[in-house]
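Work through the following exercises with the sequence and the coordinates open beside you. Each begins with a task and continues with a solution in steps.

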Amino acid sequence: MSTPPPHQLQGHRSTSSFSRNPRTSPATGVRTGTVTTIGPDGPSNASDNPNGTGTDGPGPGRPRHGLWWGIGGALMASAVWAATILTVPALINGDSTPSARSVAGYRTVDDLCTTARLTTFSQLYPVPTGTPYHYTTRHRALDEMYCSQYRKKVGGDQDYYTLYLQVQLHHEVDPRPEFDAQREGLAQRHYQVSPVPGLGDAAYIGYLDDPDRGTPGSHYLTQVLYVRQGGMTCYTSWSASYQDGRGTAPDREQVRTALLSDTRELLRTLGGST
């Protein structure tokens, strides 16, 4: 029986038959004539195999080293991945700037209406109408402050403006995706949207003149300002209505200036740096 070249032994099970009946050499005390198998784990003989078949298949008592190493490796990989999620969330979320969720020094106040001085708007519309409405909610993930109020130019004036203020401090999530989505939403609603440089990390203002189809010549005007700085988002909205041929339409540029000026003042009062 010819012996295969050494390079053919690897990966193959080969048996060399010296004798079917094992015996012990009187000179060396070594058993000869055993059936030897060369397998993935090295040579073994039939006497080591409980089946006595000369194969290296797993017997009833043979440890499955490859299986346990595979299970141990999978468990180790899972443990490392779990630790990465808990300790380095930016790698999972794709957010390389964790400071985006910082509230940038802003604080929460109980009454946003009294905190917002509205210096410029008070000059345009000096007469308050009704009682301002406000609320503040606090949560470890989000603090929210809100204010709405109504004002008029003079006591007998039938035209008045409505102003809404909302400031949110996001403690656990990054508000950038929703902030950008709101801008796209304004464009879809036919607002004229333009960026506001130099205000927060990002800001944009929108304007809409929405005619009242039920009342010819009647207009409902809206200007909104969105500001984001870190995890702080601020929304300021002015709205008013007017009738063609009756009085003067509100000056769009005056309202825009008031929105920017009073919003900057409010954010500085809340502790921001804008």
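## Strand β8 and its partners

Strand β8 is mostly covered, since 8 of its 11 residues are buried, where buried means under 20% relative accessible area, exposed over 50% and partly exposed in between, with a 1.4 Å probe and protein chains only. The model is a predicted one, in which local features need pLDDT of at least 70 and side-chain atom pairs count only at pLDDT 80 or more, while totals for chains, interfaces and linings use all residues. Residues are numbered from 1 along each chain as its sequence is written, and side-chain values use heavy atoms, with hydrogens and water left out.

**Exercise 1.** Determine with which strands β8 pairs in the antiparallel sense, and over how many bridges.

*Solution.* Step one is to fix the terms: helices (H or I, at least four residues) and strands (E, at least two) are DSSP runs numbered from the N terminus, and two strands pair if DSSP finds at least two bridges between them. Step two takes β7, which pairs with β8 (residues 160–170) in the antiparallel sense over 11 bridges; R151 has Y161 as its bridge partner in β8, and C147 has L165. Step three takes β12, with which β8 pairs in the antiparallel sense over 9 bridges, and here Y161 stands opposite A240.

**Exercise 2.** Establish how far strand β7 is enclosed, and describe how β6 is joined to β7.

*Solution.* Begin with burial: strand β7 (residues 142–152) has 9 of its 11 residues buried, so it is largely enclosed by the rest of the structure. Next, consider β6 (residues 127–137), which runs antiparallel to β7 and is joined to it by 8 bridges, with K152 in β7 as the bridge partner of V127. The two strands, β6 and β7, form a hairpin with 4 residues between them. Finally, look at Y150, which is found in β7 and counts as partly exposed at 33% relative accessibility. Leaving aside neighbours within four places in sequence, Y150 is in contact (heavy atoms within 4.5 Å) with V127, P128, T129, Y160, Y161, T162 and Y164. The C-alpha atoms of Y150 and T162 are 4.7 Å apart, although these residues are 12 apart in sequence.

## Aromatic rings

**Exercise 3.** Classify the ring pair Y146 and Y164, and then the ring pair Y204 and Y226.

*Solution.* A pair of aromatic rings is described by the distance of the centres and the angle of the planes. The criterion is that rings of Phe, Tyr and Trp (its six-membered ring) pair if their centres lie within 6.5 Å, and that planes under 30 degrees apart count as stacked, over 60 as edge-to-face and the rest as tilted. A search of the whole structure finds 9 aromatic pairs. In one of them, Y146 and Y164 have ring centres 6.5 Å apart and planes at 35°, so the pair is tilted. This pair links distant parts of the chain, Y146 in strand β7 and Y164 in strand β8, 18 residues apart. Y146 is buried at 16% relative accessible area, whereas Y164 is partly exposed at 28%. For Y204 and Y226, the centres are 5.2 Å apart and the planes are at 20°, so the pair is stacked. Y204 lies in strand β10 (residues 202–211) and Y226 in strand β11 (residues 218–229), so the pair ties together parts that are 22 residues apart in sequence. Both Y204 and Y226 are buried.

## The nonpolar cores

**Exercise 4.** Identify which elements supply residues to the largest nonpolar core.

*Solution.* First, a nonpolar core is a set of buried Ala, Val, Leu, Ile, Met, Phe, Trp, Tyr and Cys residues joined through side-chain atoms within 4.5 Å. The largest has 36 residues, and those with the most contacts inside it are L112, F121, L163, L165, V167, W238 and L270. Second, at least two residues of this core come from each of α3 (112–115), β7, β8, β10, β11, β12 (232–243) and α6 (252–269). Third, α6 provides the largest share, 6 residues. Apart from this core lies another, of 7 residues, among them F179, L186, Y191 and Y204.
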